[in-house]
Amino acid sequence: MQETISVLGGSQTKFGELWGYDLKELIDEAVADAIRSAGIMPTDIDAIVVANMMGSDVNGQGHLGAYASSILPHHPPALRVEAACASGGVAIHTACALLESNRAGTVLVVGAEKLTDASNEDITKAIMSAGDNERDSASGLTFPGIFGLVANRYMYEHGLTRDQLSLVSALHHKNAVTNPYAQFHKEIAPEVISTSALVADPLRLLDCSPISDGAAAVILSTTKSSPVQLLASHVANDHISLADRTSVTSFMTTRNAMERALEEANVKREDIDVIELHDCFSIAALIHMEDMGFAEAGRGIELYQEPRLAVNPSGGLKACGHPIGATGVKQIVDCWKQLTKKAPNQTKDATVALAHNIGGVAATCALHILATNA
Amino acid sequence: MLNAPSLHRQLKKTHASKNADGTIVSFTTIRNAPKGFGQKPYTVALIAFENGTKVMAQLTEDGLAPQIGASVSPRLRKIRTLENGLIVYDRKYVVIAAAREPQIKIQHYVLALTGPSGVGKTTITRTLLHLFSSYAEQVPIYTTRKPKREEVEPYTYITSKKFDELLATGEMIAETTMQSTTEDRRYGYIKSDIEAMWNAGKLPIVVTDIHLLQGLEKNLGRRAILSCGLLPPGNSRRRMLSSLFHRLRSRGRDTEEQIKERIEVAKTDLAAFETYPHLFDHLLVNDELDVCAERIRGLVEG
């Protein structure tokens, strides 16, 4: 990083089916709590970056930058970024650019999504805008379908079994039990996951992250300091459709972003204590861990058979919920909580944390490394 | 300008590839369809064609049960209904034959591509990875040079010290140094990377210069390398260098200074084909990318 960027504070609303909130109220709550947790005045904020994917399509509300600005007394400049499910991570990356260029000294990043007001059929279609509208959507493919293709191929290449795959969601659910902000607080046995309703075989309902409402906000600064710093921020991109890629079971964007981020942060893979991972589907979690170099190709499942790393202590997307635009920001909030010993499912002596956020079938990967300056 | 016959020939060619039979890379049955696709579950497959392109398409309900590796053939069928009631027809695929054993039996060998900078090693490799789909993989290159933002090769960055260690322990089996005015760049390959690909039943592809090739020959044995030398078009050395010069310039990755350095290196690279003929199985002129990649595929598949 060209500047020392401190994470002053962050917060999230509860994730879930929030009938009592609209999109704006979610933003209001996350922003207010984040400002409080950072211990700053609202007027200390020089700029706002909003992460949101489907406000225009689903809620009839675009122009969210202006909205976020309007709830602060001094109406700081604001913009909205969209990169499908990686909107949050890319918003953090954008905030870093504003800070590194000295365009702003303190930036508020807020991610929000309100999905449960629309029908499942409509949401399924709207989410497909993260795929390629010519190459993917025309065939009636859905996102669970895309990852179903990935899972089927992965099982074929590496011999992963259905029962092994169920360990992934089971662990994420277990992790979320103590997280008050999580959508689900229930442990689920692997056998229940293996026999839940088929969505896009081999993927079943409990392999898929839910449709959620929620918001998260974080405050980054170069002018104020805090014990937690952002050591690396990288975004990598690839073809939107799997049909244009060489591999279906490994994502180049994660590999590239990880290499560059480790280099920039000057930390080793082994130094990382906590990982917030983009487990939009159970199979994705395995592939990401392999692409980030924590396991060899085909052996990601070992990290769930014998956990030796804190992966998704918050519950991840599966159990904590996946309000699309909020997810990447919430990962940073969770990493910050871990590093300041505020996490409900605290990893002992955590000093380096990693947030891995993807959009689509990893056509975008935003990867961040945070550390305490202790 | 296209004259009539060539236009028709081209159309025919496109038409043929669109209606070609393909192979299932993977498939899944969708049970929660997006709006317009009805309530009934349907199967979508990722289908690969001979020419290396892929499509996502639905499978028909008739035909054999889908299977990875099975052959499929296109049909025109109803795919969805618009909100105004109009029916949309599109290409669906019917499974016509069960999966065969993969045609390429990978013996333990690597495919090495050697040639001067700008001859198209990277592009050919990328095309080959598409053509071979999941049967080939590019071996990561370890380098001491500083990462660039817009990296196109699978580099792993290590320090000079680490590089020396890997050489000393024998883990690194091939290395080369690029003289440069700005920094000393070293590149190498690690044996375990290649072995892991062999174990996974894949064909490792390595991009080499003469030193890397010599290292691989020494440590893997000459018979474990299918070695292809790539030449730029042109029937004299001057013409070849001139075409490299133009390619390097048009790809826009290097400064004029760097291009000059690369051309100097290219002179030695071209000379190597004559000095070490025993290190090459085939020399190919990369005039047209598709043709060259297709020929290399032919060599691999025998």
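In this predicted model, 31 residues of chain A are in contact with 29 residues of chain B, where contact means C-beta atoms, placed from the backbone, within 7 Å. Residue numbers start from 1 along each chain as its sequence is written, and chains are lettered from A in the order in which they are written. Local features need pLDDT of at least 70 and side-chain atom pairs count only at pLDDT 80 or more, while totals for chains, interfaces and linings use all residues.

On the chain A side, helix 5 (120-127), helix 6 (143-158), strand 5 (198-200) and helix 9 (252-265) each chip in at least two residues; helices (H or I, at least four residues) and strands (E, at least two) are DSSP runs numbered from the N terminus. Helix 6 of chain A brings the largest share, eight residues. By class, this side of chain A splits into twelve nonpolar, nine polar and ten charged residues. Here Ala, Val, Leu, Ile, Met, Phe, Trp, Tyr, Cys and Pro count as nonpolar, Asp, Glu, Lys and Arg as charged, and the others, Gly among them, as polar.

Over in chain B, helix 7 (residues 256-275) has 20 residues and runs 29 Å from first C-alpha to last. That is close to the 28 Å expected at 1.5 Å a residue, the expected span being 1.5 Å times one less than the number of residues. B:I259, B:A266, B:D269 and B:A272 of this helix are buried, meaning 20 or more other C-beta atoms within 10 Å of their own (12 or fewer is exposed, anything in between partly exposed). These four cover an arc of only 110° around the axis, so they sit on the same side of helix 7 of chain B; the arc is taken over directions from the helix axis to the C-beta atoms. On the other side, B:E257, B:K260, B:E264, B:T268, B:E274 and B:T275 are exposed.

The buried residues of helix 7 of chain B pack against helix 5 (210-220) and helix 6 of chain B. Helix 6 (residues 237-251) and helix 7 of chain B pack at about 145°, axes 10 Å apart, with axes fitted to C-alpha atoms over the stretch in contact and angles running from 0 to 180 degrees between N-to-C directions. Residues making this contact include B:L241 and B:F245 of helix 6 and B:I263 and B:L270 of helix 7. The contact residues divide into nine nonpolar, no polar and three charged.

Notes: Two residues are in contact if their C-beta atoms, placed from the backbone, lie within 7 Å.
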